[in-house]
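Colleague: Please take a close look at the contact between the chains, and at what one of them brings to it from inside. Keep the cut-offs explicit.

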Amino acid sequence: MALMRLTSPHAHGPMSTQRVMQYVLLATVPGIIVLTYFFGFGTLVNIVWGCIVAVACESLALKLRRRPLGFYLKDCSALVTAFLLCIALPPYSPWWLIAVGIASAILLAKQLYGGLGYNPFNPAMAGYVILLISFPVQMTSWAPPLGTAGDPPGVWQALQACFSPGLYDGVTMATPLDVLKQNNSLLIEDLWLQNPQFGTFGGLGWEWVNLAFLAGGAWLLYQRIFTWHAPVAMLASLSLLSAIFYDGGSSASGGSPLFHLFSGATMFGAFFIVTDPVTSAVSLRGRLIYGALIGVLVYVIRVRGNYPDAIAFAVLIMNFAAPFIDYYTQPRTYGHSGNRGGK
Amino acid sequence: MRKTYGFHGGIHPPENKHQSVRTPIADAGIPPELVIPLSQHIGAPAGVAVTIGEHVRKGQVIAEAQGFVSVPKHAPTSGTIHAIEDRLIAHPSGHLAPCIVIVPDGKDEWIECVGTPHYETLDKIELLELIRHAGVAGMGGAGFPSSVKLSIKAGTDIETLIINGTECEPYITADDVLMRERAEQIIAGAKILRYIIGPKDTLIGVEDNKPEGIAALRAAAQGSGIEIVDFPTKYPSGGEKQLIEILTGKQVPSGGLPSQVGVVCQNIGSTVAIYDAVVHGRPLISRVTTVTGNAVREPQNFQVLIGTPMRYLLEKAGYQPEKNRRLIMGGPMMGFTVPDIDVPIVKTTNCLLAPTEAELPTPPPAQACIRCGMCAEACPASLLPQQLFWFAQGKEFEKLEDHNLFDCIECGACSYACPSNIPLVQYYRASKAEILRLRRDHEKAEASRVRFESRQQRLEQAEAEKEAKRAARKKAAEQRAQTAGTDTEEDPIQAAIARAQARKAAQQTGAEEGELEKLEKAVVSSRKRLDTATAKLEQAKSEGSDLVDALQTGVDKTRAKLAAAEQALADHQQTRTQGSVGDKPPADAARAAIEKAMAKRQAEAALSPAEKARADLAKLRQRLQKTEETLARGKANGDEEKVIVALESTVVRLKEKISDAEEQLQAAEDA
């Protein structure tokens, strides 16, 4: 029997792309549980329906591009996009909203560019922004958290909300970030006392949601799925800016660092969106810059912009800048003197 | 405790070293046949110094070093030279290479070995010469001749001598067992190296996964001033550049040598070989090789003769061919698959790895790069492998060079870490080869451009000179005409006419005589030349000079010329007699010549294709011989490299043409 001829290395590490994606999916579980606890089954229904649409879109695109279905579907990247987008969407979103969002993410933002690895923009965030601009009402109607407006809806109601939106008349409530944005007369302290949406240090419920995503992110870090650079830089710059402009809690205050860290999609964004390898900077120094600038943009848009939360916009803007950052932050090669960026 | 430094990146693949260290080094014995490739190292191949059928003794030189970066080859045991022919060797390309085949006689008789236990009595140059004569070449990686590596440019200050006992590749334990069993020899070898190099510090660097080896070395090094430094296990800390950084904190400049940062490195195996060469006078004829992998029943280390077929060694370790689909020489990270199980062990064969499919599975198809950066984290050269991959796919060679592709040491850490199973190193290797090819092409084109331009210039210059001369002549003639015109009126014209008439008359009467005379002269001079050439040939033959062949062809040629001249003379005489008999006008001589030429053409046309091909072949062979002679002369005279290269390429081209011609001949004969 002829011997096989292969080039080195012959050994391969345990990590695979499929496994990376599965780890990311697994790490979202604590966040999803907490979201469901505080806001009811809406997010879960979102995710199930979103995954079905995502796999369908991915299959369609692969079929049109004449690629083997099984080989590409098994990398689980479509599921990751669906999970991330559906977590970001308000619970009890109608089925068509989810379908449009997922289709935009998978077909426009990912497959049109050549599929996994070739997309310049984070697909989930691209889908999110398309929905936010197109359907602002539906996209800003968040359900009230547990303990403010009676019991959250059950499974049946959640399904009804999704698939026959006309029949379901859900209750919505402004999110803590909305409240802070609308405020122009109250001191932070009074705002806190007068609105039921605020919790101990972040938004009510939101603080736990953020803690859960932080835990998931920490586990991914421990598993070395990504490096600490981008998320830590983002959280640091966000905290720094909010500390500088806290203004002693006056009526013009942008909110405390703690509030910013544990409200809205901060932790979810830091550990699940900013860390998307395909669309972020690659070099370690580049990741620091990339993360820090996202933090700055998040703060600026949250406090000064038109939208209450800003992760999606900040990330997309920085996606543009990632190749540029990479070019100027190339590491110093062994045996070379000085950094070589920008030559 | 010496401070050690880290290096960027690295990976921790499963070590798999325990399997092969359970038993001491075993002697592999003498196989039924030994195959010694003439080139086992970087640099020029050795030149054969034996003939077929000759009996050689163990340690006898069978091939001489040729050039500076080359080492001789020695007979690994006593026996008979069975063949000198091209065989398949352990090389990733799977090509054939010239080898000397020895059939051992089983007596294992040594030549007389003269050792120098008191090496301090020799100076450095003599020691280096001794090491070179013993055929010691790097036994870890590329097999660079040790004597070359140790020849430090004068004036270079070497601070640190490093003996590399890292052995960071998984599975391999050849250096590990040497440290355990022959620590004294390693230390003795290190002392010899220290004497040659004269460094401030002599260090032996070992990864901390070899505690037994470290303990043995420390015990042997007591009081010697040689320090054993251990450091955390991480692949590829055994890479020369990485080890230097670990032990000294310094980085070898890109494209530079370790001596530029005051460091010289030697491998453990080479250190023992140097000890053997100097103290016992024994050449490098055997080495320690690890045979391991789940497709062998008893993984272990062997002391094996260079040239032993891999099959023989594998069978000693209980090889199970049915379980083994790829056979790797070296480790799983940087080793290469050998083309055939019968290729011989060479000086750089530190390991034979016979894995099962489950142990090292066939790589699955590559997925898309997700730019996760795990490769960049693993890269010991701090490159951006994902970026290089991107450029390699697009064949953007300038960008590749700009991103320092040539600093890649091909350690394979990036490919190992890649979650998408992309064969990154393969892309880099291919790109490097392509870039080097382009560079060569470019250089060639540049050289021919220069050549063309200088030729053009020369021609123009010659033309200009000619033009100037012509102008000068014209001017002079005009001047002369002027002065003549004034002095002697019609005389010159008359005189010229008279001269022309006289010449014509003389020609008509003496043409035949003149022709005859010329031909006779030609015969005489040819004969004279033949005599001198023959005399020279005789002399050369008696002296045994290399020029005999050349002279022989010279003689043959002159003889042919003489024959032609004689023939021409005879023809002429014949036509003259014919002319006198048949009263033909003398102008017929010219017609006869034309007829002769036509006849020759016809004869040529009448030649069969085979004869024609044969004639062509003969001509080509003659040209080849001539070119080779010029080449040899050029080499001997130390001509410019360009000239040599050009001649060499001509030789190659002629050889190709000859083989084409041979084919044609074959075809013609078949037809």
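Modeller: A salt bridge here is a side-chain nitrogen of Lys or Arg within 4 Å of a carboxyl oxygen of Asp or Glu. This is a predicted model, so local features need pLDDT of at least 70 and side-chain atom pairs count only at pLDDT 80 or more, while totals for chains, interfaces and linings use all residues. Residues are numbered from 1 along each chain as its sequence is written, chains are lettered from A and ligands numbered from 1 in the order written, and side-chain values use heavy atoms, without hydrogens or water.

Start with the chain pair. Chain B puts 66 residues into the contact and chain A puts in 41 (contact: heavy atoms within 4.5 Å). Together they bury about 4,600 Å², with 54% of that on carbon and sulfur atoms (buried area: accessible area, 1.4 Å probe, lost when two parts are put together, summed over both). On the chain B side, B:Arg325, B:Ile370 and B:Arg371 supply 15% of the buried area, more than any other three residues.

B:Arg371 has a second role in this contact. The rule finds one salt bridge between chain B and chain A. It joins B:Arg371 to A:Asp326, with the closest N and O atoms 3.5 Å apart. Polar contacts number 28 residue pairs, both partners at pLDDT 80 or more (an N or O pair within 3.5 Å; within protein, one atom able to donate a hydrogen and the other to accept it, and sequence neighbours counting only if both atoms are side-chain atoms).

Which elements of chain B take part? Those with at least two residues on this side include helix 6 (240–248), helix 10 (385–393) and helix 13 (424–488), along with strand 16 (336–337). Helices (H or I, at least four residues) and strands (E, at least two) are DSSP runs, numbered from the N terminus. By class, the chain B side has 32 nonpolar, 22 polar and twelve charged residues. Ala, Val, Leu, Ile, Met, Phe, Trp, Tyr, Cys and Pro count as nonpolar; Asp, Glu, Lys and Arg as charged; the others, Gly among them, as polar.

Now look inside chain A. The assignment, automatic or from a database, gives domain 1 (17–172) and domain 2 (174–329). Their C-alpha centres lie 21 Å apart. Domain 1 has 33 residues in contact with 27 of domain 2. The two domains bury about 2,700 Å² between them, 85% of it on carbon and sulfur atoms. Salt bridges across this interface: zero. Polar contact is limited to one residue pair. Helix 1 (17–27), helix 2 (29–39), helix 5 (77–88) and helix 7 (123–134) of chain A each give two or more residues to the domain 1 side. Helix 2 gives the most, seven residues. That side divides into 27 nonpolar, six polar and no charged residues.
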